[in-house]
Amino acid sequence: MNYLPLLAVWIVLALVVLALFVWRQSVARNEDDSLHVMHGALAPQTAVAQKLDVIDKWGKILTVIPSFPAF
């Protein structure tokens with residue numbers, strides 16, 4: 001069996017996961033760790049948190065896919 005196509009797919013998925021990691025780090029850099037509940041300042045924090053949740057979801061999905069054996 002030729003494993004070159006499987007290796008190529010694995011490398012592409014690994015690069016995508018790495019790109020998601022870098023993207024998540026750049027988004028998290030803008031996150032404010034303190035909670036501001038007055039004057040409507042919670043909305044920007046919520047937007048960043050939602051974006052981080054989406055990035056995390058795709059990171060988990062793409063991290064699990066290469067772990068399944070190819071038959």
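Biologist: Helices here are DSSP runs of H or I with at least four residues, strands are runs of E with at least two, and both are numbered from the N terminus. With that settled, how many helices and strands are there in the protein chain?

Modeller: The protein chain has two helices and zero strands. Keep in mind that this is a predicted model.

Biologist: Okay! What is the span of helix 1, end to end?

Modeller: The C-alpha atoms at the ends of helix 1 are 38 Å apart. That agrees with expectation, because 26 residues at 1.5 Å a residue should span 38 Å.

Biologist: Which residues of helix 1 are buried?

Modeller: Those are Leu13, Leu20 and Val27. A residue counts as buried when its relative accessible area is under 20%.

Biologist: And how much of the whole protein chain counts as buried?

Modeller: Of its 71 residues, 13% do. The chain exposes about 5900 Å², and carbon and sulfur atoms supply 71% of that area.

Biologist: Let's look inside, then. Which residues make up the largest nonpolar core?

Modeller: Seven residues do: Leu13, Leu20, Val27, Val48, Leu52, Ile55 and Leu62. Helix 1, running 4–29, and helix 2, running 42–64, each supply at least two of them.

Biologist: Which helix gives the most to this core?

Modeller: Helix 2 does, with four residues.

Biologist: Pick one core residue for me. What is leucine 52 in contact with, leaving aside neighbours within four places in sequence?

Modeller: Leucine 52 is in contact with Arg24, Val27, Ala28 and Glu31. Val27 is itself one of the core residues.

Biologist: How many salt bridges does a search of the whole structure find?

Modeller: The search finds one salt bridge. Arginine 24 forms it with aspartate 56, and their closest N and O atoms are 2.5 Å apart. Arginine 24 lies in helix 1 and aspartate 56 in helix 2, so the pair ties together parts that are 32 residues apart in sequence.

Biologist: Nice. How does arginine 24 count: buried, partly exposed or exposed?

Modeller: Arginine 24 counts as partly exposed because its relative accessibility is 25%, and partly exposed covers what falls between under 20% and over 50%. Its partner, aspartate 56, also counts as partly exposed, at 24%.

Biologist: Switching to the outside: which residues form a nonpolar patch on the surface?

Modeller: The patch is formed by Leu4, Leu7, Trp10, Ile11, Leu15, Leu18, Phe21 and Val22. Together they have about 830 Å² of accessible area.

Biologist: Why does phenylalanine 21 count as partly exposed?

Modeller: Its relative accessibility is 48%, so phenylalanine 21 counts as partly exposed. You'll find phenylalanine 21 in helix 1.

Biologist: Where is tryptophan 23?

Modeller: Tryptophan 23 is in helix 1 too. At 45% relative accessibility, tryptophan 23 counts as partly exposed. Its C-alpha atom is 9.4 Å from the one in leucine 52, and the two residues are 29 residues apart along the chain.

Biologist: How far apart in space are valine 16 and leucine 62, C-alpha to C-alpha?

Modeller: They are 7.9 Å apart in space, while in sequence 46 residues separate them. Valine 16 sits in helix 1 and counts as partly exposed at 35% relative accessibility. Leucine 62 is one of the core residues we listed.

Biologist: Last one: which helix does valine 54 lie in?

Modeller: Valine 54 is in helix 2, and its relative accessible area of 46% makes it partly exposed. Along the chain, valine 54 is 30 residues from arginine 24, and their C-alpha atoms are separated by 9.7 Å. Arginine 24 is the residue we met in the salt bridge with aspartate 56.

Conventions: Residues are numbered from 1 along each chain as its sequence is written. This is a predicted model: local features need pLDDT of at least 70, side-chain atom pairs count only at pLDDT 80 or more; totals for chains, interfaces and linings use all residues. Side-chain values use heavy atoms; hydrogens and water are left out. A nonpolar core is a set of buried Ala, Val, Leu, Ile, Met, Phe, Trp, Tyr and Cys residues joined through side-chain atoms within 4.5 Å. Buried means under 20% relative accessible area, exposed over 50%, partly exposed in between (1.4 Å probe, protein chains only). Contact means heavy atoms within 4.5 Å. The expected span of a helix is 1.5 Å times one less than its number of residues. A salt bridge is a side-chain nitrogen of Lys or Arg within 4 Å of a carboxyl oxygen of Asp or Glu. Accessible areas come from the Shrake-Rupley method with a 1.4 Å probe; for residues, only the protein chains shown count as cover. Patches are made of residues with over 30% relative accessible area and no salt bridge: like charges are joined within 9 Å, nonpolar side chains (Val, Leu, Ile, Met, Phe, Trp, Tyr) within 5 Å.
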